[in-house]
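Student: I should like to learn how to read the features of a protein model. May we take them one at a time?

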Amino acid sequence: MRQPPGRSARARACPRHHPGPRPRCRCGGDRRAAELTALPSIGEERWVPWVREADVLLVNGGDALYLCHWMRQSGLADLLPSLSETVWAGLSAGSMVMTPQIGEDFVQWKSPSGDDSTLGVVDFSIFPHLDHELLPENTMAEAERWAAGIPNRAYAIDDETAIKVIDGHVEVVSEGHWKLFTP
């Protein structure tokens, strides 16, 4: 998401090359960033055009339910269906938020609904960071146990794996290891 001119986060877009209000540099062109929780205070008349102009929305990790809550609160979730030409690049929770549910194992923040449901843009769930050295609990055995509680198909993926979805067609792109679980 693009950062409004004058906001302090703009320098993070490319501080090494050009920290100006609309960063343009040799490392990738025009960049802006916005904190999702700030969108309701900015006003849709400002941030919606930024989102509509974006080619890619890069959404980092964290807590998938918290991210989902703020996507709904801000109105971004309602805007998503109209962004048919925009690429959603989700990392960890940024991908999990697009699924129907994350599973109780990944619930950290309790949503107002009290359940583990997310946006449901895709029809599968994701167990991320499979066999990651810093997350010893993210084993294939744990992924299998987690998937047993998920009513839809689910993928366990390591950090060398991505799931590409275009017009409902799912493709796993991987140089690592992953597994598909079906209910």
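Student: In which helix do Tyr66 and Trp70 both lie, and how many residues apart are they?

Tutor: This is a predicted model. Tyr66 and Trp70 are both found in helix α4 (residues 64-74), and they are four residues apart, about one turn of the helix. The ring centres of Tyr66 and Trp70 are 6.4 Å apart and the planes stand at 70 degrees; planes over 60 degrees apart count as edge-to-face, so this pair is edge-to-face. Tyr66 is partly exposed, its relative accessible area being 36%.

Student: Which residues do ring pairs link into a cluster?

Tutor: The cluster consists of Tyr66, Trp70 and Trp109. The structure holds seven aromatic pairs.

Student: How far apart in sequence are the parts that Tyr155 and Trp178 tie together?

Tutor: The pair formed by Tyr155 and Trp178 is tilted, with 6.1 Å from centre to centre and 45 degrees between the planes. Tyr155 belongs to strand β4 and Trp178 to strand β7, so the pair ties together parts that are 23 residues apart in sequence.

Student: Is Tyr155 buried or exposed?

Tutor: A residue counts as buried under 20% relative accessible area. Tyr155 has a value of 4%, so Tyr155 is buried. Trp178, by contrast, is partly exposed, at 36%.

Student: In what order do the strands of the sheet with β4 and β7 come?

Tutor: The order is β3-β4-β7, in an open sheet of three strands with mixed pairing. Its edge strands, β3 (125-127) and β7 (178-181), each pair on one side only. From one strand to the next, the twist averages 20 degrees. Strands β4 (residues 154-157) and β7 run antiparallel and are joined by four bridges. Within β7, Leu180 is the bridge partner of Tyr155.

Student: Which helix lies across β3, β4 and β7?

Tutor: That is helix α7 (residues 140-148), which runs at about 20 degrees to β7.

Student: Where do the side chains of strand β1 point?

Tutor: The general idea is that side chains in a regular strand alternate between the two faces of the sheet. Strand β1 (residues 56-59) shows this alternation: Leu57 and Val59 point to one face and are buried, whereas Val56 and Leu58 point to the other and are not buried. Strand β1 runs parallel to β2 (residues 87-90), and four bridges join the two. The bridge partner of Leu58 in β2 is Ala89.

Student: What is the phi of His129?

Tutor: In general, most residues other than glycine have a negative phi. The phi of His129 is near 60 degrees, a positive value in a residue other than glycine. His129 is placed in the loop between β3 and α7, and is partly exposed, with a relative accessible area of 21%. Asp167 also has a positive phi, near 50 degrees. Asp167 is found in the loop between β5 (161-166) and β6 (169-174), where it is exposed, with a relative accessible area of 82%.

Student: Over which residues does pLDDT stay under 50?

Tutor: The general rule is that predicted coordinates should not be read in detail where pLDDT is low. In this model, pLDDT stays under 50 over residues 1-27. For those residues the model has 51 contacts beyond four places in sequence. The protein chain averages a pLDDT of 85, and 83% of the residues score at least 70.

Terms used
Residues numbered from 1 in each chain as written. Predicted model: local features only at pLDDT ≥ 70, side-chain atom pairs only at ≥ 80, totals over all residues. Heavy atoms only, no water. Pairing = 2+ DSSP bridges. Axes fitted to C-alpha atoms, helices over the stretch in contact; angles between N-to-C directions. Contact = heavy atoms within 4.5 Å. Phe/Tyr/Trp six-rings, centres within 6.5 Å; stacked < 30°, edge-to-face > 60°. Buried < 20%, exposed > 50% of the residue type's maximum accessible area, 1.4 Å probe, protein only. pLDDT = per-residue confidence, 0-100.
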